[in-house]
Structure formats: structure tokens, C-alpha cells
Amino acid sequence: MITRLFMLLLSGVASGVASDGSMFQESTKGRCVPMTTKMCADIPYNMTYYPHPISATEQSQIDHFNPLIKTKCHSHIKFFLCSVFEPMCPEQMPQAVTACRSVCEEVKRECVSIIEEFGLQWPELLECSKFPASPELCMQPAENMGHAARPTSSLNHFPRLQSQSCPAYLVDTDTDDPLAPCAFPCKGDIIFTAHDKAFLRKYLPGVAIASCVFSAFAFLTFLIDRSRFRFPERCIFYLSLCYLLYSLPFLAIGLDPQLQPACSTMQHPDQPPHLLLHHVDSSLCTLSFFLTYYFSMAAVLWWFMFAFTWYLSATRKWVPESLEASSIRVHVVAWFAPLVAAIVVVMTHSVDSSELTGLCGVGNTNRVALLLYSALPRAIIGCVALLFFIIGTGSMVRERNHFRHRGTDTSKLDKLMLKTCLFFFVCAVLWLSGLAADLYHYAQLQAWQDTTIGCKQSGTPCMQSKPRANGDVYLMQVFAPLFAFVGPFIWSFSLKTLSSFKRRICCCIWHPAQSKTPARPLLDASGGGSGLGTVPGIPLPQPPAPRPTHQHQYVPLSTSSQPRWQHNHV
């Protein structure tokens, strides 16, 4: 090993480069090719630049550095040497990108002592003055890079590139911070076209108004006649309340298209306004986030509670009194769990904004937040709700068949089951459409998040062209929850509901005014009171009514053919 190391250093010194400039100057006519060096197989990039910046003779010397790598004098010695002989090549902008000068200095500081033990100097090929330094484009190794497996994608696993800047169509939130995220401009057409936004502005007001009106109708149906509805159908009316409050931000931006709750109000004077990322800096953004995220999650939980109580009623034979006795636990879970989730989202700085709607929410520009705080919880809750509903419905079908076999009329039970299945089918379709849109959005973020808004943070080359997505999918994602009022409205609308509204309206408008109570003495004069006079409006207690006289009633004591009667006092 010592002999090979000596030959390595000797050949390295003999083949030094005498030019003063950097040996990794960018080329304009090269291309990216797969790496072929076995020694660099576990380096976290797999494309190198061709033609190589160094000569073929120097490139063939890479195997001579194996003894130095085996000494492990520095944790990034292999990464440093591979960046010299196999420089990284970003496919979006082909050029040779090597390690930064600071990496060379760290490796040299730890490994030069081994070379000096043989009375030799650091090879001129590896002189740190030949490596680029910030603000030039170069690589910084991540922690434990030597233990990482070779990636299959050359985009998502790049070592960090220094001297990155945001694309021209995005806003740099902090030009002095190399790790600051890029943001979408407030009124720019980046992901969505002007046609998509025009379609939203045209139809959103009408849909939002319909959602608010019909959701309010369903909830008022419950309020004016609470005794008529018991669990599990009470969950439907709390669900309609969630949809009513969820629709309010969309109603606001539909009626006022110039309203931009997600537009930053704290940007630098020289910086164009941009959509918020990772935080909220206005009350409108906070309010829109809370109404959309909290009540959408609460609606999913109330849908789950309906399926769960349906299962308990149909399968476990829980009567409404038992369900109402446990209703406090249902309310705690359905209202408190989304509140905890919203607090976690704010504390982890996961609040972001939508370019299409201009509202604050979760997962619009962060695929991890989309998966953890939106898509995954909705998928789990919805699947469990479907399971409970299917089991409960199967049990109800068996009970109906049993009643029919005994000759019992099941027409009312059939209507109830049809109504329940129709309501649940509507909710399930809207849930599946929203979940499909979330998964599509996750795939889109996976494709362009690290090369657009996160290119400075991830170190990947920034995409110079605007990312485009299918606007129809995102429009479905916006409109699907707003059409969820259909389920509660179908359940609540009936002739009995209209009769309840008519009775309540008539009682409020045409109820006759009650006549004033005449003044009566506080104590009767004949009773010898103190003569305190009268107190208007306070009726005096009435004397007890006389006891009714007992009537003689006769009840039979026997069912024999000879009637026998006995006198009984009741």
C-alpha cells in the first residue's frame, strides 16, 4: 500500500497543471453522460460532464488514489476526488460542477500530513486555488454522504449547489439569504393559465352562494326542530354547518376578485408582492386558513362520525338514547382534533397559499405538508368511514330481510336505507374526487417543487420555464367541497321540513299579542292583608281546585262465562 501511495503522489506531482485559471471553466458545447468510474458508484449523483475538463492522462489516474481514499483521512475524501475526475453535470444546464474550494481546503488540511510523511507535496492537480469558490457554481457535500446509496434520479439527490438564484418568473424572498425560498408573484400566471383563473372567477360566486344558502337551510332545519332529529342523523347537520363556514372564504373572493388574503404585506419595498410561504402575516390569511383547513377536516370527521354511529345503531343495536349519552365524546373528537391539527400546521410553519384561489391553506407548495396534514388523514378517515358504513348497511339489510320474512311492513325502513345510501354515496364521490386531486397535486409538486420554489434550498438547478399543470384537476379540487351541500340538503328537504319552517315563520310574524294581565291585589282584602296594594303583571297564586268526587267504577276480575263483578273504589 505504501508503494502504491508513493507512486500515486509521484504521478500526481508530475502531471500537475501549470495554468493559473480554474480547470473547471464552464463549457457551452458539452453534454451530460452517465458516470462509468466504479470508485464513484456511491456518490450521490450519476451524471458527469463530457468532454472532461481535465486531460485523458490525468483522468486515468483516478484509480491511483485508492490508497489515499482507504486511509479515510477525511469523511469527504472520495466525494472530493470524484468531483475532480467525474464532475457533476446538471441535465437542465450541462456544465462541469466540482466541489467548492472550501471542501478542498478541509480535505487538504486533514490529508496533507499523510502525503508529507513521504516527503512529498500536495499534488498540483488538487491545488485548492484551482477550485471555484462562492459565488461561482460549486458543490457542498451533505452530511454522511459517503454512506448514501447511489440515487436513481439525478435531480432530487444533488449535492448542494452554491450561488443559486430564483428563476425570473418567481420572486426571491431574500436575496441575501442563499437558502431563502422562491415564491409565486401575487397576480402572476405561473402554474395556471389566465383561462383557468377566468373560469374560476366566473362560476365561483354562484357555487359559493349556493353552498352557503343550502348548507344554512340544512342546519336551520335542525335548529328549529331539534327533537325531530337524533343520532346518527344529527351528524349530518353538524356536517352542513362545517360546509357553511368552509364556503365563506370562497364567497368573499368570489364577490371581490381583487381580494388577495394570501398576498404578502411585509415584503421589501424593492420586492414585488408575492404569495405567502411557511407563515401568515395578515389577519385575512389567518382567517382563510382557519376556515378552510379547520372546517374541511371537521367535515371529514363528522362524516366519519355519521358512519360510525350508523354502524353502532345498525350492527351493535345502540338505541338513540345510548348514542346521545355518548354524544359529548363525539363532539370532542370531531371539533377538537382538527383544532390540534391546525395548531400543529401553524407551529411547523406549513401554512402556504394557492395561486389559483389566493387563499391560505396547507400543501399548496409543500408536498410533505400536503401528505402529512391533508391527503393522508383524509384518506385514512375516509377509508375507515366506508368500512363502518358498509358493515352497518349489511347488517341493516339482513334485519330488513328478517322483517319481511315475518310479514312486517318495511316500507319506512326501505326509505331510510335509500336516503342514507344516497347521502353517503354523494359524500363518498366528493371525498374520492378531492383525494384524487390531492394525489395529482402531490405528483406535480414532486416533479417541480425542488426546481422552482425550492431550488435555492435544495441546491438543484432552477427550472427556467414555468411549470404547468392540468387546471381542470385543480378546479375540481376547488369546486368539489363546495358541492358537498347536496348531501345534507337531500337529507333535510321534505314536506315535514317545509311545514316546520312555515310554522316557525307564522309564529314569529302573526303571533297574536298577549293581553296584559290586569292588576290584582297582592293579598285578598277579605283575607285581612296588610293592604300593600297591587303589583301589575304578577299574577297571584290560584286556590287549589276542589277534589273530584269518587265515581263508582267496576272492573272485571275474571274472564269466565259467568260474569262476576266486585265493587271497587278508584
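**Exercise 1. Two helices that meet**

Find how the axes of helix α7 and helix α14 are placed in this predicted model, and decide how the pair is classed.

*Solution.* Two packed helices are described by the angle between their axes and the distance between the axes. Start with the positions: helix α7 covers residues 234-255, and helix α14 covers residues 471-482. Next, take the distance. The two axes come within 9 Å. Then take the angle: the axes cross at roughly 140°. Now apply the cut-offs. Angles over 145 degrees count as roughly antiparallel, and 65 to 115 as roughly perpendicular. The angle of α7 and α14 belongs to neither class, so the two helices are oblique to each other.

**Exercise 2. The residues of that contact**

Which residues of α7 meet which residues of α14, and how do they divide into nonpolar, polar and charged?

*Solution.* Take the α7 side: it brings Tyr243, Tyr246, Ser247 and Phe250. The α14 side brings Val478, Pro481 and Leu482. Now sort them. The contact has 6 nonpolar residues, 1 polar residue and no charged residue.

**Exercise 3. The chain as a whole**

How many helices and strands does the protein chain have, and what share of its residues is buried?

*Solution.* The secondary structure comes to 16 helices and 10 strands. The chain has 570 residues, and 46% of them are buried. Look at the contacts next. Among those with a separation of 6 or more, 74% join residues 24 or more positions apart. Finish with the surface. The accessible surface comes to about 30,300 Å², and carbon and sulfur atoms hold 61% of that.

**Exercise 4. The largest nonpolar core**

Which residues have the most contacts inside the largest nonpolar core, and which element supplies its largest share?

*Solution.* The core has 96 residues. Phe184, Phe250, Phe289, Tyr293 and Trp302 have the most contacts inside it. Elements that each supply at least two residues include α6 (194-224), α10 (327-347), β8 (360-362) and α11 (367-405). The largest share is 21 residues, and it comes from α8. A second, separate core has 38 residues, including Ile69, Ile115, Leu126 and Phe131.

Now pick out Phe289. Leave aside neighbours within four places in sequence. Among the contacts of Phe289 are Ala342, Val345, Val351 and Cys360.

**Exercise 5. Two lysines with positive phi**

Where are Lys72 and Lys317, and is each exposed or partly exposed?

*Solution.* Begin with Lys72. Its phi is near 50°, a positive value in a residue other than glycine. Lys72 is in the loop between α3 (66-70) and α4 (77-85). At 69% relative accessibility, Lys72 counts as exposed.

Go on to Lys317. Its phi is positive, about 60°, and it is not a glycine. Lys317 is in the loop between α8 (283-314) and α9 (320-325). Its relative accessible area is 45%, so Lys317 is partly exposed.

**Exercise 6. Partners across the sequence**

How far apart in space are Asp189 and Glu355, and Ala428 and Leu386?

*Solution.* Take Asp189, in the loop between β6 (182-183) and α6. Asp189 and Glu355 are 166 residues apart in sequence and 8.1 Å apart in space, C-alpha to C-alpha. Contacts of Asp189 beyond four places in sequence include Lys197, Glu355 and Arg468. Asp189 has a relative accessible area of 29%, so it is partly exposed.

Take Ala428, in helix α12. Ala428 and Leu386 are 42 residues apart in sequence and 8.0 Å apart in space, C-alpha to C-alpha. Beyond four places in sequence, Ala428 is in contact with Trp303 and Leu386. With a relative accessible area of 12%, Ala428 is buried.

Terms used. Residues numbered from 1 in each chain as written. Predicted model: local features only at pLDDT ≥ 70, side-chain atom pairs only at ≥ 80, totals over all residues. Heavy atoms only, no water. Axes fitted to C-alpha atoms, helices over the stretch in contact; angles between N-to-C directions. Helix = DSSP H or I, 4+ residues; strand = E, 2+ residues; numbered from the N terminus. Parallel < 35°, antiparallel > 145°, perpendicular 65-115°, else oblique. Contact = heavy atoms within 4.5 Å. Nonpolar A, V, L, I, M, F, W, Y, C, P; charged D, E, K, R; others polar. Buried < 20%, exposed > 50% of the residue type's maximum accessible area, 1.4 Å probe, protein only. Areas by Shrake-Rupley, 256 points an atom, 1.4 Å probe, with all protein chains shown as cover. Core = buried A, V, L, I, M, F, W, Y, C linked by side-chain atoms within 4.5 Å.
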